[in-house]
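Hi,

Here is the structure I promised to pass on. Please open it first, then read my notes below.

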Amino acid sequence: MIKIHPFTMIAFSSILFFMTLIYTHPLYSLSILVFIIVGTLLLGKGKEVKTTMKYGMYAAISIMIINPLVYQGGRTILFKSPRLFLIGKLKITLEALAYGGNMALKLLCIVFIFLFYAAMTDRDETFSLFSKYAHKLTLTLSMTINIIHRLKLEILRVKDVMILRGVNFKEKNLIKRMKAYYPILKVIFIASLEGSLDRAESLYSRGYGKGIRTSYSQIKMRRIDYFMNGINLTLLFLLVYSIYSNVGFVKFYPTFQGFDLTDIKFLIYIDIALFVVILLIRGCKKWKFLKYRI
């Protein structure tokens with residue numbers, strides 16, 4: 001695994017996130033998506049890519065279907081139905097299909113950006129970074145997320161015990177089934193209260209909130225972080241420049257304008273910066289000396 005400082009990856013992921021949201025040109029979103037998928041595959045996360053793609057495609061296809069049915073703007077009519085009851089005439093346009101496809105592409109990009117961030121950083125280091133500057137908020141979020149998993153395990157454990165004692169949770173009668181589940185709630189409630197007292201005593205015994213927070217190890221910026229931050233600045237400059245130059249934008253309504261050559265030329269600069277990151281990941285995975293050198 002390539003270890004990159006969480007701040008560097010937060011900046012890199014944020015820039016990709018805002019580029020995906022701001023640019024309306026589908027080729028820009030497609031370039032970002034291809035880069036993220038290739039980068040994640042190079043990191044050995046093929047299984048996660050497959051799972052994310054599977055669930056992301058459901059949402060993407062839903063957007064592509066719903067958008068032309070809900071919004072009927074656009075001048076290039078592909079299909080026009082006779083008058084339907086309560087709905088009226090249904091009109092499907094090329095512009096609505098193209099806009100829906102572009103939104104679906106953006107959704108996939110955003111989902112894969114989070115996956116790429118998780119693949120490039122260590123969770124403990126991310127927790128340490130946030131806990132250094134917002135320790136109360138980080139602790140609250142951590143305990144909130146953790147308690148969902150703990151409650152699930154606790155419910156399964158209590159349910160197994162009650163099944164052994166003869167309780168039937170598959171009653172067809174709704175009232176009997178509710179009566180069967182009711183003791184579980186009492187046990188979980190009492191166990192949660194006891195768990196909160198244990199955690200409070202643990203925090204108190206460790207001196208939480210009584211002084212400046214200390215840590216066993218410091219997360220330091222390395223050469224690879226400075227290199228990645230250089231790419232971050234390059235991408236940020238290209239993003240700001242393209243906004244002021246009105247590059248990377250396509251109008252879908254009332255008529256789809258098509259692709260302009262200037263937009264495609266500017267996309268090459270972004271692709272070069274992203275390709276350098278791909279080379280960096282590939283180099284660190286293939287040549288161990290490069291990984292430890294930077």
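**Disulfides and cysteines**

A search of the whole structure turns up 0 disulfides. As a reminder, a disulfide is a covalent bond between the sulfur atoms of two cysteines. Keep in mind that this is a predicted model.

Are Cys-109 and Cys-284 buried or exposed? Buried means under 20% relative accessible area. Cys-109 has 0% relative accessibility, so Cys-109 counts as buried. Cys-284 has 2%, so Cys-284 counts as buried too.

**Fold**

The protein has 10 helices and 2 strands. Follow the sequence and you get this order: α-α-α-β-β-α-α-α-α-α-α-α. The two β elements thus come after three α elements, and seven α elements follow them.

**Shape and contacts**

How does the radius of gyration look? For a compact globule of 294 residues, a value near 19 Å would be expected, but the protein has 26 Å. The C-alpha trace spans about 70 × 65 × 35 Å along its principal axes.

Now take the contacts with a separation of 6 or more. Of these, 74% are between residues 24 or more positions apart.

**Surface and charge**

What share of the 294 residues is buried? The figure is 32%. The protein exposes about 19,600 Å². Carbon and sulfur atoms supply 66% of that area.

Last, the charges. The protein carries 40 positive and 15 negative charges. Their mean positions lie 4 Å apart.

Best wishes

Terms used: Residues are numbered from 1 along each chain as its sequence is written. This is a predicted model: local features need pLDDT of at least 70, side-chain atom pairs count only at pLDDT 80 or more; totals for chains, interfaces and linings use all residues. Side-chain values use heavy atoms; hydrogens and water are left out. Helices (H or I, at least four residues) and strands (E, at least two) are DSSP runs, numbered from the N terminus. The radius of gyration is taken over C-alpha atoms; the globule rule is 2.2 Å times the number of residues to the power 0.38. Buried means under 20% relative accessible area, exposed over 50%, partly exposed in between (1.4 Å probe, protein chains only). Contact means heavy atoms within 4.5 Å. Accessible areas come from the Shrake-Rupley method with a 1.4 Å probe; for residues, only the protein chains shown count as cover. Lys and Arg count as positive and Asp and Glu as negative; His and the chain ends are not counted. The place of a charge is taken as NZ of Lys, CZ of Arg, CG of Asp or CD of Glu. A disulfide is a pair of cysteine sulfur atoms within 2.5 Å.
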